[in-house]
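This report describes a predicted model in running text, with one table. The sequence and the structure are shown here.

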Amino acid sequence: MDSEGWIKTTCAYCGVGCGVEARPKPDGQLEVRGDKAHPANFGKLCTKGIALGETVIEDGRLTQPKVRREGGFEPTDWHQALTRIADTFRQTVEQHGPDSVAFYVSGQLLIEDYYVANKLMKGFIGSSNIDSNSRLCMASSVVGHKRAFGSDTVPVCYEDIELAEVVLLIGSNLAWCHPVLYQRLRAAKQQNPAMKIVVVDPRRNESCEIADLHLPLASGSDVALFNGLLHYLVEQDCLDHDFIEQHTDGFQQAKANGLTLDHVAKITGLPTEQIALFYQYFAQHDKVLSIYSQGVNQSSQGSDKVNSIINCHLATGRIGLPGMGPFSVTGQPNAMGGREVGALASMLAGHLEFDRPRDIELLKSFWHSDQLALKPGLKAVDMFDALDEGKIKAIWIMATNPVVSLPNSEKVKRALTKCPLVVVSDCIEDTATTAFADILLPAQGWSEKSGTVTNSERRLSRQRRLLPSPGMAKPDWWMISEVAKKMGFAEHFNYVHEGEVFREYAKLTALGQHEHSRDLDLSALTVISDKEYQALLPQQWPVKTIQKSLVNQRFFADKQFFTANKKAQFISVTTQMPSTNASSSLPLLLNSGRTRDHWHTMTRTGLATSLGAFRAEPYLLIHPDTLKAYGLEAGGVAKVSNSQGHCLLRVISDHSMQSDQVFAPIHWNEMTASKAKVCQLIDARVDAFSGQPEFKHTPVKVEALAMNSKARVIAQQVLSVPKEIEYWAREKVENGYLYHLESTMSDAELKHTLQLWLNGGAKMKMFTYSKPQGSISVFIEQEQVAFACHWLKVGADDSESELIALFNDPDPLAEVEKLAV
Ligand code: SF4
């Protein structure tokens, strides 16, 4: 903490990992600003980062352990909850073997939490059934890196954004999903107008604003585009022959899959001139940076897409030097940290590998365990399938919401219902997933937790405690350690402080480095004191000496890779378009992704007033021609469906869309809208290597839903909306929640339903006054507005500001009595 009370920490959201400074205000709220000294953002923050302070409220917090009894949850204490978990996990393992239990964890966890969970599951329970929701985010990049480099190595630094001559954004809407990196890119382009920016994305997304070229390729055709680039580089002799010969294997096989320009145009649907221009940009500049994210990773061919990009960098030797290289940007604040500590079922901690016997030996001896899992476990989708098949009988879900985020959510719900023990640790009480828990454990939230996270450029930063935790909330690493102790592993989980966990993890990364060097090496951090851990500045790995000032390191400048022969591997990849496509019954392709101001399942961003305003309701982007063709109206409600279910989304006419595609955000779910959980429509097709689901290519149909009545309701608390109201969405507003409602009922029926709902006992005074677009009713209880309701004509879009102002009026009676009719 500095002399003015500012404490340095890290943002809770995306993988940019911005440094934040925060200090508590006298009213208990947090003041937040960007950390000018942090190398990820140099003081900048995006809308989500700026609003972090608004999310630190106690609405909806889970504050004590609870167990399910008939009729709902009952409070319990930590001892009873943890004892039951430990006993059930131990008995299940004894009766059915180690693979009958599982942990499903999250990129929101800190390294210390992740490490302890991984150690317990892989090291002592003896199963690798621990997988992270990062499986949904960048597992294909992990596979691509390991196949090409022999290790999961991101070779570049953020600084390369400023140093590049050509920047490709492939399947990445950087402007919305990694906004501070986008700000850096935009500033770099302003400084150097000769810099070329190419966006490769079926949608003309917001990042195109600064692009020189947008390639709206057919969904799923990326491998063809990059195999065509490889062919072009060969034809134009833009190869680095020495690099290929001395430092790589497999070039001839990869080259054999090269495609001609005409062939690429046919598969991608792009004009040959556009493709040729892109290929020229790549060929004519040394400093090419290929930034990619979910549009590449979330695909049934995600791993091959990654390698098709890396192949082009290897063919030109454009890796390891300033301003160049393949750059997978991670989605979550600590997705990279999860990869480091082995929180994916397919990897061990510290970038040790299942298939290297010496690594297994090292880890067994380090953890003093004979129980170490010797093979990979179940990846996320397979894990929930195993739950559904009854093979997994106890699961602990930590800091994530799979009922919203995994494909085919009805199947996920069914699987959870079948599982004899579902433990959920979370900081929020009511989520779509906590509804299926047998035991709920209150976790600390951002601003209460203390530990470390690693961002997309391998930079590890401290997340620091800013505020006390409400109720009985505890750190995740503590609850996992307590369960481990109760399972009989006390001597291995006797941690008293998160710094102790961190030092042990750092020591693990140093194991065997002198025999077989690995990329991930934190050896300088193995002996830091508690005080040094508290004050730790951002460190970019490898950390062989403690970094006291800004360091930018790149991998592979020495042309040495982490494969057995130290050579990089070209991977021979061919274009295989997604197996499921649009048809006459499901004629459109649904692309899913993030919206600008929300995060994942909205449990946090849904609490910030300033973040609700940009898009208050779940929506569907659709091209104006497609909208007309399917009888929809802009501003109306669309039913988007396939055999797995349907969503009801607000229609937005958008020229950025291709006419055969629609786009919907992933955030809204049963807690925030009537029917808007997009993952319900997505089937569980995955990449064969990474297990990452195909989130960007789902055949659907769309229909208009004719609505007859409309209203907005504002209340102090979260409400349970009557089932008869087909469409609703919740928005956080000042001091309350605003509900947007539409119904097929008549105006009179909707009014009747709402009055019964809001004022069932008719105890409140109700005042109504007319408005040009409808009328407003105010329900008064004890001189205060309990609810206010704006009845609107369908299609009318009156501002909600009057309703919100009235709701927050300190003397509402005077106002409404004057206006009432
Ligand atoms: Fe947070 Fe990402 Fe925004 Fe930075 S860019 S403030 S890390 S959400």
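Gln236 counts as partly exposed because its relative accessibility is 42%, and partly exposed covers the range between under 20% and over 50%. The residue lies in the loop between α8 (222-235) and α9 (241-247). Gln236 and Gln183 are separated by 53 residues in sequence, and their C-alpha atoms are 34 Å apart in space.

**Backbone exceptions**

Most residues other than glycine have a negative phi, and most peptide bonds are trans. Against that background, His368 has a phi near 50°, a positive value in a residue that is not glycine. His368 is placed in the loop between α16 (357-367) and α17. With a relative accessible area of 62%, His368 is exposed.

Arg458 is not a glycine either, and its phi is positive at about 70°. This residue sits in the loop between β17 (451-454) and β18 (459-463). Arg458 is buried, with a relative accessible area of 0%. Thus one positive phi belongs to an exposed residue, and another to a buried one.

A cis peptide bond leads from Trp541 to Pro542, with omega near 10°. Pro542 lies in the loop between β19 (539-540) and β20 (568-569).

**Strand β14 and its partners**

Strand β14 (residues 394-398) is largely enclosed by the rest of the structure, because five of its five residues are buried. Ala394, Trp396 and Met398 point one way from β14, Ile395 and Ile397 point the other way, and all are buried.

β14 pairs with strand β6 (residues 101-105) in the parallel sense, through four bridges. Within this pair, Val101 stands opposite Ala394. β14 is also joined to strand β15 (residues 421-426), again in parallel, by five bridges. Ala394 has Leu421 as its bridge partner in β15.

**Barrel, open sheet and hairpin**

Six strands close into a barrel in the order β21-β25-β22-β24-β23-β26, with mixed pairing. From one strand to the next, the twist averages 45°. In this barrel, strand β21 (residues 588-593) runs parallel to strand β25 (residues 661-665), and five bridges join them. Ser592 has Ala664 in β25 as its bridge partner.

An open sheet is formed by three strands in the order β1-β2-β3, and its pairing is antiparallel. β1 (7-10) and β3 (30-34) stand at the edges with a single partner strand each, so one side of each has no neighbour in the sheet. The twist in this open sheet averages 35° from one strand to the next. β1 pairs with strand β2 (residues 19-24) over four bridges, and Ile7 stands opposite Ala22 in β2.

Strand β30 (residues 765-771) and strand β31 (residues 774-781) run antiparallel and are joined by seven bridges. A hairpin of two residues connects β30 to β31. In this pair, Met766 stands opposite Phe779.

The strand pairs described above are listed here.

| Strand pair | Direction | Bridges |
|---|---|---|
| β6 and β14 | parallel | four bridges |
| β14 and β15 | parallel | five bridges |
| β21 and β25 | parallel | five bridges |
| β1 and β2 | antiparallel | four bridges |
| β30 and β31 | antiparallel | seven bridges |

**Ligand shell**

Which residues surround the ligand? The shell is made up of Cys11, Tyr13, Cys14, Val16, Gly17, Cys18, Leu45, Cys46, Lys48, Gly49, Pro179 and Val180. Two elements give two or more residues to this shell, namely α1 (47-50) and α7 (179-191). By type, the shell divides into nine nonpolar residues, two polar and one charged.

**Cavities**

The structure holds five cavities of 30 Å³ or more. The largest cavity has a volume of about 80 Å³. Its lining consists of Val381, Phe384, Asp385, Leu406, Pro407, Asn408, Lys411, Val412 and Ala684. At least two lining residues come from each of α17 (380-388) and α19 (409-418), and α17 supplies the largest share, three residues. The lining of the largest cavity divides into six nonpolar residues, one polar and two charged.

Notes. Residues numbered from 1 in each chain as written. Predicted model: local features only at pLDDT ≥ 70, side-chain atom pairs only at ≥ 80, totals over all residues. Heavy atoms only, no water. Near = heavy atom within 4 Å. Nonpolar A, V, L, I, M, F, W, Y, C, P; charged D, E, K, R; others polar. 1 Å grid on protein atoms, 1.4 Å probe; cavity = no way out; pocket = protein on both sides within 12 Å on 5 of 7 lines; lining within 4 Å. Points joined across faces, edges and corners; volume = space filled by probe spheres on them. Pairing = 2+ DSSP bridges. Axes fitted to C-alpha atoms, helices over the stretch in contact; angles between N-to-C directions. Buried < 20%, exposed > 50% of the residue type's maximum accessible area, 1.4 Å probe, protein only.
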